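Grab a pencil and work through these short exercises with the structure open beside you. Each one comes with a worked solution.

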Amino acid sequence: MQILVETIRVAGFRGLKNIEITLQKVCLLIGLNNAGKTSLIKSLQLALGDYGRYLSDEDFHIPPQEKRMSEIRVDIRVISVDDAGKRQQKFSPEWIREFGDRIQSEATGHQFIAIRTIARANLIKGGFDVARSTLDQWPPFESWQTAKVKENRLTSRFQSLPLVSIDAQRDIQSDLKDRSSFVGKVLASVEYSEADITELEGLISNINSNAVEKSESLTRLKTHLSLLNEAIGGDGAAEITPFPKKIRDLSKNFSVHFGATAESTFSMEYHGMGTRSWASMLSIRAFLELLLKKHAEEQQPIHPLLAAEEPEAHLHPNAQRALYDQLCSSNGQLIISTHSPFLVAMADLYEIRSLSRTAGVISTHQVRHLIKPEEKKAVAREVMNRKGDLFFSRAIILCEGITEEQVLPAMFSLYWGKSHLSAGISCVSVGGKGYRPFVAMAASFGIRVYILSDNDGDTKEEITRQISNLRKDSELTLTEDHFAVGYMDESNDFEAELLSHGLREEIIESFVRLKVNGRDNEHYLAAQKREWNARTDPELLELMRNSKASYAGFLADVIYDNKDEKPTKDLIPASVLACFDTIKGWLQ
């Protein structure tokens with residue numbers, strides 16, 4: 001039976017004024033830059049690690065128009081779980097021995113241990129005081145800072161809950177020079193028996209002798225250095241040791257070599273940051289295995305937490321995926337902050353936690369309702385596996401087909417004066433009318449959603465039903481400052497909307513470009529223009545609907561180029577303008 005650091009609450013730390021977030025065995029923290037991901041990891045390091053040594057005034061939260069807060073508070077709750085991560089009612093015997101009478105029980109009989117960490121400035125001695133205690137209850141989040149709870153002082157951290165933090169600037173070459181790094185800790189744990197030491201030092205002595213004897217330069221150097229004996233009047237001799245003489249000195253010149261083959265390895269200092277960063281993280285896995293082995297030998301329980309900031313930095317996509325698998329296979333609990341869509345694509349929806357900042361206030365988001373299996377598969381198939389970057393969007397436009405997915409970004413660029421990507425906006429085709437799982441996913445992670453829908457047949461009734469059921473089946477509120485639905489004109493799909501708005505000339509130009517396909521034959525080009533201009537609107541509309549995948553990209557280029565310098569409103573239908581206006585209002 002295992003345990004889990006299941007909940008963390010933070011108040012007054014950096015940008016985190018007051019948040020709560022639940023964790024799983026594997027947890028991905030996502031969000032835009034400056035959303036609080038690093039702050040959350042550092043707050044865990046304050047509670048379970050050694051961050052108290054690095055505290056500064058800047059770590060204390062400053063609310064808008066208010067003075068700096070005088071206290072940082074971090075509460076964590078630890079629970080018992082089985083191998084599948086399901087909560088168990090009681091801790092196992094070894095954890096009961098470890099936590100003792102600090103274990104508390106809920107009304108349901110489920111046991112937990114709550115640990116509070118408080119940091120304050122020491123106004124007399126300077127610096128900061130960090131105090132830890134266990135709590136006799138776990139109050140509701142709404143009152144966790146004001147509720148009267150009994151605190152039992154802890155004189156030190158629980159050694160059975162070590163936090164191993166990997167920052168974004170890791171480098172194996174720097175680790176090798178730092179005795180306090182995880183590589184340094186591994187090297188410090190190297191031990192040999194007396195017999196092994198004698199044997200190894202004998203081998204090294206022979207290697208040193210051979211190295212000197214086979215080198216004229218080293219032999220000459222040894223001969224001249226032996227003159228030291230005359231200077232000091234002794235009977236000693238100079239000794240040259242190209243290789244460390246004593247086993248205890250091996251770590252001083254320890255190095256790591258790597259290459260494509262065993263015959264072509266070279267020192268890590270000559271490798272790029274991707275390889276050096278990856279090697280640094282793998283050395284931490286070695287440290288964790290040694291830690292687990294030591295606790296097992298001493299029959300002491302241990303639950304390590306590995307917190308990694310942007311492990312994907314410097315790595316190409318396939319390497320990111322491989323590293324993620326390696327990290328997930330580590331023993332203990334894993335918390336990763338990431339900007340990688342490839343890592344998000346490999347995660348389970350329930351493992352993702354999103355942080356967002358709105359009007360200076362940081363909030364946390366996650367899937368809190370049960371997603372139907374078929375809906376979860378749809379999101380995994382259409383978003384996580386193909387467009388994981390959507391999880392990092394400020395807002396998403398959901399549409400029905402691929403024409404919208406390609407044309408709307410061009411219209412957005414004309415409207416906003418910059419690309420949709422630089423504005424943090426994504427446009428997603430749901431491949432029909434199945435909007436519900438995409439709305440649920442985005443809203444769960446605090447991403448604003450605008451559905452820009454066709455208005456043919458029973459589309460409006462179908463979407464209304466989906467959203468109504470989503471509100472009823474989940475905790476999602478879908479307020480107007482985060483969610484909206486807009487429709488094309490009555491009976492229109494997107495193709496009909498474009499044609500009725502007066503974009504016939506641009507549509508014809510896109511088909512001509514498709515047919516000409518880069519050829520510069522003027523007669524052929526003129527013939528194509530005549531042929532397409534002769535088509536009626538109904539004929540053109542049918543061709544648009546039958547050729548979405550082929551002409552839509554050309555139409556996007558024609559609209560964006562706007563060679564006739566038409567006013568923006570003439571190139572963007574009213575329904576699309578309403579969508580853009582709403583999103584602009586959200587983001588401003």
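**Exercise 1.** Work out which residues L44 is in contact with, leaving aside its neighbours within four places in sequence.

Solution. Contact here means heavy atoms within 4.5 Å. Skipping those neighbours, L44 is in contact with I8, G49, I76, L163 and I335. Next, place L44 itself: it sits in helix α1, residues 37-48. Helices are DSSP runs of H or I with at least four residues, numbered from the N terminus. L44 has a relative accessible area of 2%, so it counts as buried, meaning under 20% with a 1.4 Å probe and protein chains only.

A word on ground rules: this is a predicted model, where local features need pLDDT of at least 70, side-chain atom pairs count only at pLDDT 80 or more, and totals for chains, interfaces and linings use all residues. Residues are numbered from 1 along each chain as its sequence is written, and side-chain values use heavy atoms, leaving out hydrogens and water.

**Exercise 2.** Find out how helix α16 (residues 504-516) and helix α17 (residues 522-533) pack.

Solution. Start with the geometry: the axes, lines fitted to C-alpha atoms over the stretch in contact, are 10 Å apart, and the angle is about 135°. On a 0 to 180 degrees scale between N-to-C directions, α16 and α17 are therefore oblique to each other, that is, outside the ranges under 35, 65 to 115 and over 145 degrees. Now the residues: α16 brings R504, I508, E509, F511, V512, K515 and V516, while α17 brings Y524, L525, Q528, K529, W532 and N533.

How values were computed
Helix = DSSP H or I, 4+ residues; strand = E, 2+ residues; numbered from the N terminus. Buried < 20%, exposed > 50% of the residue type's maximum accessible area, 1.4 Å probe, protein only.
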